[in-house]
Amino acid sequence: RSDNLLRSGVKNSSKKLTMRYQRSSTLFKEAQQVIPGGVNSPVRAFKSVGGTPIFVEKAKGAYLYDVDGNSYLDYISSWGPMILGHAFAPVIEAVKERADRGTSFGIPTELETEIARLALQMIPNMDKIRFVNSGTEACMSAVRLARGATQREKIIKFKGCYHGHSDAFLIQAGSGAVTFGSPSSPGVTAGTAKDTLLADYNNLTEVEQLFQEYPEEIAAIIVEPVAGNMGCIPPAEGFLEGLRALCDQYTSLLIFDEVMTGFRLAKGGAQELLGVKADIVTYGKVLGGGLPVGAFAAKKEIMKHLAPEGPVYQAGTLSGNPLAMAAGLAMLQALDADPQIYTRLAEKTERLELGLNTVLENKGIPYQINRLGSMISLHFTEQPVIDFETAAKGDNERFNSYFHGMLNEGIYLPPSAFESYFLNDALSLEDIDQTIDSFQKVAQKL
Ligand code: PMP
């Protein structure tokens, strides 16, 4: 009898869930007919957590509203950009005002100089910045610039770091080796893979070995100064300083991929927060205020190699697009004007961390929480998460229950354990407490 009751309970609750996401589910089926996998970027498809992605109707402040009329507290903030919350009024106003004057010219505007000036004033150590349309483009161009400037061909990247989907970065380790990588996606040629050398994140010894093996061939190291693509993994003490020293010793360039950390961890990103200087830095996400923007910045001596000043080619029909620049400028002005924002964000994220800690400790579930500033992630594993291998040890089944449990409670978390959360300033302390209350309920079933 109790079994029957239990079964009918499960049936009822899964029926309720189907109803809850009914319109999203229909839209997803329609999308799959005309868009590969129904999405324009893979992680949105919920493949790793299962189930149907929600379709968003609109968002405001800390909240997302889906097409079925459900609302969610949003912990991904469009994967970073919406650091001040959704539909942030100054950004929306700036875009509307610009749109009336035309949306693209392919001819310079004063706005581009204005945002470049402000960005360079906010970030340390850089003389010039070039705007592109995405983080992928920024990283791809930064590596080309580094290769052109050094006249060397190889780069070092770290396993589990993501720098966009250009060929040179879609490389993972071949059978435990830390020498040549093999492509991690069909379509990337072996020829490309041979110039991408791999090391484990937070492992300086491996990087040193690569330099000893190829002392005059490495153009650059590219690294997420705080990794956000295997969950959040802060750099170990001395790791970034060690990379800096090795680059100086072997006259290679150090590229910080600050697409996630730029304008998020501090005004001047990880360079400022962690006090290590890179030679080229890439940006995206927050810099565009929610419109498609990327950028790379460097000192004059490096940037002089870039076309039209120098021979390293890079271009874009919509680069510096006026709507995107207007949104980005309004965003940077708001961040620049509020010195407390980063402290506030870090405090909110710490409150979330402490709340999660308490619930998990009480339940006795093995876990790791990594956090730096407003980037945080939870891994269901006993061992400290310091690189890709340790991140991959997390209990996926438990993560999936956690994700769906929270979603049903109206909390939108990243639909993969390999992603960092990004908090936004529109989240109130009450919102965070409500999130912890929801987690308390969800944790009962984990
Ligand atoms: N670098 C990092 C560190 C990223 O996290 C991402 C995207 N998540 C990219 C580059 C690529 O940026 P985009 O998706 O804008 O091409």
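Guide: A pocket here is an open set of points on a 1 Å grid over the protein atoms alone, where a 1.4 Å probe fits, with protein on both sides within 12 Å along at least five of seven lines. A volume is the space filled by probe spheres set on those points. This is a predicted model: local features need pLDDT of at least 70, side-chain atom pairs count only at pLDDT 80 or more, and totals for chains, interfaces and linings use all residues. Numbering runs from 1 along each chain as its sequence is written, and side-chain values use heavy atoms, with hydrogens and water left out.

Visitor: How much space lies in the second largest pocket?

Guide: About 450 Å³. It has 15 lining residues (an atom within 4 Å of a point), and Leu17, His404, Gly405, Asn408 and Lys445 come closest to the centre.

Visitor: Which helix gives the most to that lining?

Guide: Helix 1, with 6 residues. Helix 1 (2–20), helix 14 (396–408) and helix 15 (429–443) each supply at least two; helices are DSSP runs (H or I, at least four residues) and strands are E runs of at least two.

Visitor: What makes Thr136, Asp257 and Lys285 part of the set around the ligand?

Guide: A residue counts if one of its heavy atoms lies within 4 Å. The side chain of Thr136 has an N or O atom 2.6 Å from a ligand oxygen, and Asp257 has one 2.6 Å from a ligand nitrogen. For Lys285, a polar side-chain atom is 3.0 Å from a ligand nitrogen. The polar-contact cut-off is a pair of N or O atoms within 3.5 Å, so these distances qualify. The protein covers 81% of the 390 Å² of accessible area that the ligand has on its own (Shrake-Rupley, 1.4 Å probe).

Visitor: Why is the pair Phe158 and Tyr201 called edge-to-face?

Guide: Rings pair if their centres lie within 6.5 Å, and planes over 60 degrees apart count as edge-to-face. Here the centres are 6.1 Å apart and the planes stand at 90°, so the name fits. Phe158 sits in strand 5 (residues 154–158), Tyr201 in the loop between strand 8 (196–199) and helix 7 (204–213), 43 residues apart. The whole structure holds 15 aromatic pairs.

Visitor: What about the backbone: which peptide bond is cis?

Guide: The one joining Ala307 and Pro308, with omega about 10°. Pro308 is in the loop between helix 10 (300–303) and helix 11 (322–337).

Visitor: What is phi of Phe46?

Guide: Near 65°, a positive value in a residue other than glycine. Phe46 is in the loop between helix 2 (22–34) and strand 1 (56–60). Most residues other than glycine have a negative phi, and most peptide bonds are trans.

Notes
Polar contact = N/O pair within 3.5 Å; in protein donor to acceptor, adjacent residues only side chain to side chain. Phe/Tyr/Trp six-rings, centres within 6.5 Å; stacked < 30°, edge-to-face > 60°.
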